[in-house]
Amino acid sequence: MTDTHEELAVSLWRGSEDGRYQAYTVPRRESQTVLDVVTFVQRHLDPTLSYRFACRVGVCGSCAMTVNGKPRWTCRTHVEKVAGGGRLEIGPLENLPVIKDLTTDMEQFFRKWQQAKGVFAPSQTRHDAIAQIRPDTPARAAADAAIECINCGVCYAACDTVRWNPGYVGPAALTRAWTLVNDERDAGNTARLQAVAADGGCHSCHSHQSCQQLCPQTLNPTAAIAGLKRRTAAAYLKGEIEA
Amino acid sequence: MNVRLYVWQRATAAVMAPLVLGHIAVIFYATRQGLSAADILSRTRGSIVWAAYYGIFVAAASIHASIGIRNILSEWSPLNERRAGLIAIVFGLLLAALGARAVAAVVLS
């Protein structure tokens, strides 16, 4: 990376829930990502800074943080795109408990995946022939909803409904459920539709669409949730699930 | 919000949509024709059609609004779902009583 001799005014969240922002000055570099900035602080200015990352190439989904007020995957977010006026305020993801500094406890995020039955329920065994799925069917296209999801938590942090209603399972869990609802090989749909039709399920969504606006993988959880609303309403009216 | 409340709220919205349009049309008609209160009451009193029209409207609005109030209370107030639900039921019954009183006033002679 080339040093441009410019500097960035960076504020990083330090401490747990009752922490505060602390100011740092970081050299501006060409093609610099927000994760590069955080890493510079940890390696050169304050080794006690805690943050989470792994792959650095947008695959693992572990480096999401709040950058200038919006949740972002920091490894693929270039400073030049988000640092208006050479300023960066970087905090932990919203809607999740802060462990320390930029690191959040994602236990509730993944527990809600389980709650929404976001786990594949096999209908066959390894001894059966491999299922033949036609790629051009509407169900197969709908099943794409969450296939590229990297579990980064950006949609969960961006969601106003999660902020107002801590019981809401959130966009990522529901998008995963919608993918499985459309998976022809899955045998767990009645239980899954029942789970997402309960209080805190898909009907809690207000369709604000912050999730699809900020999803780094350009997925559309709002559309997936709308699909679940239609499917669960139909199942309820047919008596297949209970309220 | 669960699927039962969702279906009720959407269904009552579907019922109200044409009723709102009809209600607005009636308001325009009454004002453009210069109908007096006596003229209006002479048309509505004893009318099963107007009683049914506004009776259904009041019932749908009471159910629809109380589900919305439950949502707002459970998201924006410290009340838990159960308490928010109880307040919403009271609110819905109050709306239904006030609406039924208004309908009775214009259709009963």
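Two residues are in contact, in the sense used here, when heavy atoms of the two lie within 4.5 Å of each other. In this predicted model, A:Asn151 touches A:Gly61, A:Met106, A:Phe109, A:Phe110 and A:Trp113 by that criterion, once residues up to four places away in sequence are set aside. The residue itself sits in the loop between α4 (138-142) and α5 of chain A, and because its relative accessibility is 27%, A:Asn151 counts as partly exposed. A further spatial relation concerns A:Ala64, which is 87 residues from A:Asn151 in sequence, while the C-alpha atoms of the two are 9.8 Å apart in space.

From this loop one can step back to chain A as a whole. The chain contains 10 helices and 7 strands, and its C-alpha atoms fill a box of roughly 65 × 40 × 30 Å when the box is taken along the principal axes. Of the 243 residues in chain A, 47% are buried, and the accessible surface of the chain comes to about 12,300 Å², with 48% of that area belonging to carbon and sulfur atoms. When contacts in chain A between residues at least 6 apart in sequence are considered, 64% of them join residues at least 24 apart.

One of the residues touched by A:Asn151, namely A:Phe109, leads into the interior. The largest nonpolar core has 42 residues, and within it A:Phe109, A:Tyr168, A:Leu174, A:Val196 and A:Leu228 touch the most other members. At least two residues of this core are supplied by each of the helices α3 (107-115), α5 (154-158), α7 (171-181), α8 (189-196), α9 (210-214) and α10 (221-237) of chain A, and also by α1 (3-32) of chain B. The largest share, 6 residues, comes from α7(A). The surroundings of A:Leu228 can be followed in detail: leaving aside its neighbours within four places in sequence, this residue is in contact with A:Leu174, A:Ala177, A:Trp178, A:Val181, A:Leu193, A:Val196 and A:Cys202. Separate from this assembly is a second core, which has 25 residues and includes A:Val26, A:Val41, A:Ala83 and A:Ile90.

The charged residues call for a separate look. A search of the whole structure finds 12 salt bridges over all chains, and among the residues involved, A:Arg14, A:Asp46, A:Lys100 and A:Asp101 are linked in a network of such bridges. Within this network, the side chains of A:Arg14 and A:Asp46 meet in a salt bridge with an N to O distance of 2.6 Å. Because A:Arg14 lies in strand β1 (residues 3-14) and A:Asp46 in the loop between α1 (34-45) and β3 (64-67), both of chain A, the pair ties together parts that are 32 residues apart in sequence. Both A:Arg14 and A:Asp46 are buried.

The side chain of A:Arg14 also meets that of A:Asp101 in a salt bridge, here with an N to O distance of 3.2 Å. This pair links distant parts of the chain, with A:Arg14 in strand β1 of chain A and A:Asp101 in the loop between β6 and β7 of chain A, 87 residues apart. The loop that holds A:Asp101 runs between β6 (98-100) and β7 (103-104), and since the relative accessibility of A:Asp101 is 1%, this residue counts as buried. Its side chain reaches the backbone nitrogen of A:Ser50 at 2.8 Å, and its contacts beyond four places in sequence are with A:Trp13, A:Arg14, A:Gly15, A:Thr48, A:Leu49, A:Ser50 and A:Pro92.

Another salt bridge joins the side chains of A:Arg185 and A:Asp183, at 2.7 Å from N to O. Here A:Arg185 counts as partly exposed because its relative accessibility is 39%, whereas A:Asp183, at 14%, counts as buried.

The path ends on chain B, whose helix α1 (3-32) also contributes to the largest nonpolar core. On the surface, B:Val20, B:Ile24 and B:Phe28 form a nonpolar patch with about 260 Å² of accessible area together. B:Phe28 has its place in helix α1 of chain B, and it counts as exposed because its relative accessibility is 53%, where the cut-off for exposed is over 50%.

Notes:
Residues are numbered from 1 along each chain as its sequence is written. Chains are lettered from A and ligands numbered from 1 in the order in which they are written. This is a predicted model: local features need pLDDT of at least 70, side-chain atom pairs count only at pLDDT 80 or more; totals for chains, interfaces and linings use all residues. Side-chain values use heavy atoms; hydrogens and water are left out. Helices (H or I, at least four residues) and strands (E, at least two) are DSSP runs, numbered from the N terminus. Buried means under 20% relative accessible area, exposed over 50%, partly exposed in between (1.4 Å probe, protein chains only). A polar contact is a pair of N or O atoms within 3.5 Å; within protein, one must be able to donate a hydrogen and the other to accept it, and residues adjacent in sequence count only if both atoms are side-chain atoms. A nonpolar core is a set of buried Ala, Val, Leu, Ile, Met, Phe, Trp, Tyr and Cys residues joined through side-chain atoms within 4.5 Å. Patches are made of residues with over 30% relative accessible area and no salt bridge: like charges are joined within 9 Å, nonpolar side chains (Val, Leu, Ile, Met, Phe, Trp, Tyr) within 5 Å. Accessible areas come from the Shrake-Rupley method with a 1.4 Å probe; for residues, only the protein chains shown count as cover. A salt bridge is a side-chain nitrogen of Lys or Arg within 4 Å of a carboxyl oxygen of Asp or Glu.
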